[in-house]
Each structure stands twice: as structure tokens, then as C-alpha cells.
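Hi there,

Here is the structure I promised to pass on to you. Have a look at it first, and then read my notes underneath.

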Amino acid sequence: MTVARTVDIRSYRCPMTWVRVKLALEAIAPGEVLEVLLSGEEPARNIPRSAADEGHEVLGSEEGPEGMRLWLRKGC
Amino acid sequence: MERTVLVVGAGGLGCAVLPLLAAHGLRIRVYDADVVSLDNLQRQLLFRTADVGRPKVEAAADALARLFPGARIEAVGERLVPEDFPAVLEGVDVVLDGSDNFPTRFLVNDACVLAGKPLVHGGILRFTGQVMAILPGQTACYRCLFEDLPPAGAVPSCSEAGVLGALCGIVGARMVAQARAILEGRPAGDELWIHDARTGRTRMVPLSRDERCAVCGDAPTIVNLDAARYVEARAA
Amino acid sequence: MLTDAQIERYARHILLREVGGSGQRRLLASEVRLEGISPEGAWAVLYLALAGVGRIVVADPRPVPAGGIPPLIPPSQAGRPRDAAAVPALAAHNPDVRLEVEAPGTWSEIGAVLRPKGADLLLFARAEGEASLVGWAEAPPCPACAPAGEATPEAAALAGSLAASRVLGFFLFGEAPAGILRFEGGRKEALAPCPHR
């Protein structure tokens, strides 16, 4: 899986977390993959949900020492 | 006779109703515990860039004092809690609720019903606004329509926090028109006004008091303001 | 590209599915001219400035009345030309907007006229008594069509706020359907065509 772009939202709080992910998704083409670096329970819950709500595919996530990595495939 | 209004919330809707209420020479008591943040400025029209970081009620009171010298504004920088009632309603002729969270909406509704105070509720979400006037015991109240706080997980995620700024003025204007109708003894209540700023459509949905409503029905089970009832459900 | 401050300021627009960062950039590149800083015009131009419309030209050389023009111009500015007074008031709310006074220019004696750049029609807004008139037209309804009756503050607020939402809708979605609507008592109806022309 190639990542078209990475966005780090660990320093932001809701709703700026989703705003930043949204802007990053706008910058890639449909079908491309965005990698999101996030930390905390609230974005871990809300980002996948908001992404799915707006027609993007949540490919998966992985917990790491610096936070969570989440992969989204941009919908049409 | 001097009339007093209680305004709950000095955010998007609060900022729209406050200058209109002041223009009518009403005494105003306004509650909001928040400070002005940069993302408020897109729609909270009383606040200037220099107000970021200040308590909203202070910035709002200053703006009102500039626009309406001599306006009587009581600005309270606190969140309304059950213990504030019924004292906060003393001398109040009508309540305008522009709060942005369900616990406060239900608290204000229940408190107004229990105290018999007329209330105008306003809400905004994305491009849609709604207003309903409530005459406790006579017309539908907020609980007649919405029953109870949403369960955990049903609450809008932050992706649904988007809102068109000008909608605040549209909804606020309607709220004040309803408040004035109440103050002047003209018909109000039993209708939910809905405006879609995206399509321009306006609808009036007829309502009626639910006889089984938990707070304003014929056999109410809510007879006091138990704080446990007004807590936002947390997702698991 | 949006700056960090703009991303935060316009976050609630960007969050709207129909707007996003691209919609906000479009607003920042948009221009509108306001003729008539009446109460309706004040509400309209204030919401347009808050929304980040990039360039706003105001035209109204009449003096600010004794009571100011809430919610935009305070009474302390009484006597000053309305357009000149509007500029610092708007700038204080949003530094992103380029504000210009166009004088002598035309202005609307009754209500307000908004001319978004790129629109074929103008947007008209006026409050009369408890009613609010708003809509796209080739020309404002003539003064003979306006019944006498001072507008309530909330009717002016509704007219101006509807006008702002219409202008934003034009910039974002390209929509400008012709026809003036009359809002009163929570209901709306189409305004009868002006019989005086």
C-alpha cells in the first residue's frame, strides 16, 4: 500500500483534528491513501467515523509508541 | 413595565439575539461559561479578532454597551446548572435558549416548564435551523418533541459541527420574533419552524403538547431538576 | 493555500461537506459590492465579512444616524459617512477581508443591494414592518412598492442574514434563482411583480 500523503494531527483537538484530515484528503486524488498520525481516544473514535460518513474507506490502523497510525482511502 | 429576558448561550445564536433584544430595550441576563476562540468568529457576530481569549459574556456585554449605550446587561460567565433554578428565572419574562448542547437544552426546558416560564428554543446544524416557542402546560415543550438526551454514540461527531454562519442571524431573528410575540401576548407555540439555508425552504411543522410528556404531561415523572438527568452520555 | 489562522477561523465552514477547504478558498477569492448600509445591509455585510468573502466594496455616503446602525456601526460614529464607518468596524471582525469604499457610487435608499462579482442579477434585501424581502432580481423593487412602516430590528436581521446566506450560496454553489420572496410570521411567499414598470 502506497501512502500518497501523511497528516499528523496529534497536536490538535476536536474539531480541528477532523478539519486537518479533511484538508489533507482534499489534497489527494480519489483512490489514493492518506495516512493519519493521531493520539488519544477521542480522535481514534471520531476520525474513522467522520471519514466513513463522508464516503472514505477506513483501511486499518496500527498502535505505535508515538500514537496511532490510521489509513484512509479517499472516496469519490 | 420593564421586561427581562434570560439568554442562555452567547455563541452563534446568542450573538444574534442579544443585539435585537437590546434594540427593543429589554433587560438582559446572559449566561455563557466559554471564552472566545478563533473558530467562533466565523459566526459569532459580536466578537472581534481582539476578543479571542476573553470570556464570551464579557466581550458580548462590551459590544452591546458600544451599540446600545445604557443597555442593561447582566453577564454571567458560568454554565447554568440545576442549582441555579428557579432563582435565575426570577423576574424573567421569557427565556431564549441558544445553547449548543443537549444537557443544557433539556435542563432549560424542564426548568421553564416546572416554573411556568415561556421559552424560545433555537438550534442550528450545518445549513438547517429550527425554532420553537414553548408556553409550559399549554403548548408542546422540547421534551414533547425530543423526549430525552440522545444515547451515547448518537451524538453528532465533530464532522457534523459545520455550520453556515449567516444561519445564526436567520434563526436568531426568528427566535426574537417569537419572544416578542410571547411578551405581547400574541399567539406563539405549537409549531416547529425549520429553515434550510441550502435550499431556501422554510417549513412550519404543527406540534401539540404530549399528554404523556415526562415533564409537561398530565402525569409528569419529572418534578424536579435532578442533576443526574442532565449529563451528556459518554460513548463506551 | 489557507494559513493556519484561516484554517482555524473558518473551521466550521471547512467542516461542511459542501464547502471544505476548496469552498473556503473560493470565498476568500470572491468579491461583493454593498449598496446601502441600512440595518439590513449591516447584518448582510457583517456575516459576509465573518465568512471570509475576500473583497467587500461598500457604498453609502449618508451619515450614520444618532443610534448608529446595529449590529455593525456604534452610535459613537454618528454623523460619519456610513461607508467610511463600516470599514474599520468590519476590519475589526476579520482581517482577511479587503474593504473598500466606493464613492460617490450608487446606494440603495431603501434596504440594501448586494452585487456579487460574477452574478448576472443583484440581490435585494429590505425589511418593512415585520416582513423581510429578499431575492435575486434585475433591479430592486421600486420605492412605490414599499409600504411605509418602520422595520423591526429582527425583520431587518432576517432580511440581511438571508441575503448573506444567498450570496454565500452563489459563491459556493453558483445558485442565483430569480425572484424576490417575502418572509413574514415564519412563512414565505413570492413577491408579486412590481406593477409600476
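Below is what I found, starting with a sheet in one chain and moving on to a pair of helices in another.

Please keep in mind that this is a predicted model.

Let's begin with chain A. Four of its strands make up an open sheet, and reading across it you meet them in the order β1-β2-β4-β3, with mixed pairing. At the edges sit β1 (5-8) and β3 (57-64) of chain A, each of which pairs on one side only. Going from one strand to the next, the twist averages 20°.

Inside that sheet, have a look at β2 (residues 33-38) and β4 (residues 67-73) of chain A: they run antiparallel and are joined by 6 bridges. If you want a spot to find your bearings, pick A:Val36, which stands opposite A:Leu70 in β4(A).

Now to chain B. Helix α1 (residues 12-23) and helix α5 (residues 167-183) of chain B have axes that come within 8 Å and cross at roughly 50°. The angle falls between the ranges for roughly parallel and roughly perpendicular, so α1(B) and α5(B) count as oblique to each other. Their crossing is right-handed.

Which residues meet where α1(B) and α5(B) touch? From α1(B) come B:Gly12, B:Leu13, B:Cys15, B:Ala16, B:Val17, B:Leu20 and B:Leu21, and they meet B:Cys168, B:Gly169, B:Val171, B:Gly172, B:Ala173, B:Met175 and B:Val176 of α5(B). Sorted by class, this contact has 11 nonpolar and 3 polar residues, and no charged ones.

Enjoy exploring!

Best wishes

Definitions and conventions: Residues are numbered from 1 along each chain as its sequence is written. Chains are lettered from A and ligands numbered from 1 in the order in which they are written. This is a predicted model: local features need pLDDT of at least 70, side-chain atom pairs count only at pLDDT 80 or more; totals for chains, interfaces and linings use all residues. Two strands pair if DSSP finds at least two bridges between them. Helices (H or I, at least four residues) and strands (E, at least two) are DSSP runs, numbered from the N terminus. Axes are lines fitted to C-alpha atoms, for helices over the stretch in contact, and angles run from 0 to 180 degrees between N-to-C directions. Angles under 35 degrees count as roughly parallel, over 145 as roughly antiparallel, 65 to 115 as roughly perpendicular and the rest as oblique. A crossing is left-handed if the near helix is turned anticlockwise from the far one by less than a right angle, and right-handed if clockwise. Two residues are in contact if their C-beta atoms, placed from the backbone, lie within 7 Å. Ala, Val, Leu, Ile, Met, Phe, Trp, Tyr, Cys and Pro count as nonpolar, Asp, Glu, Lys and Arg as charged, and the others, Gly among them, as polar.
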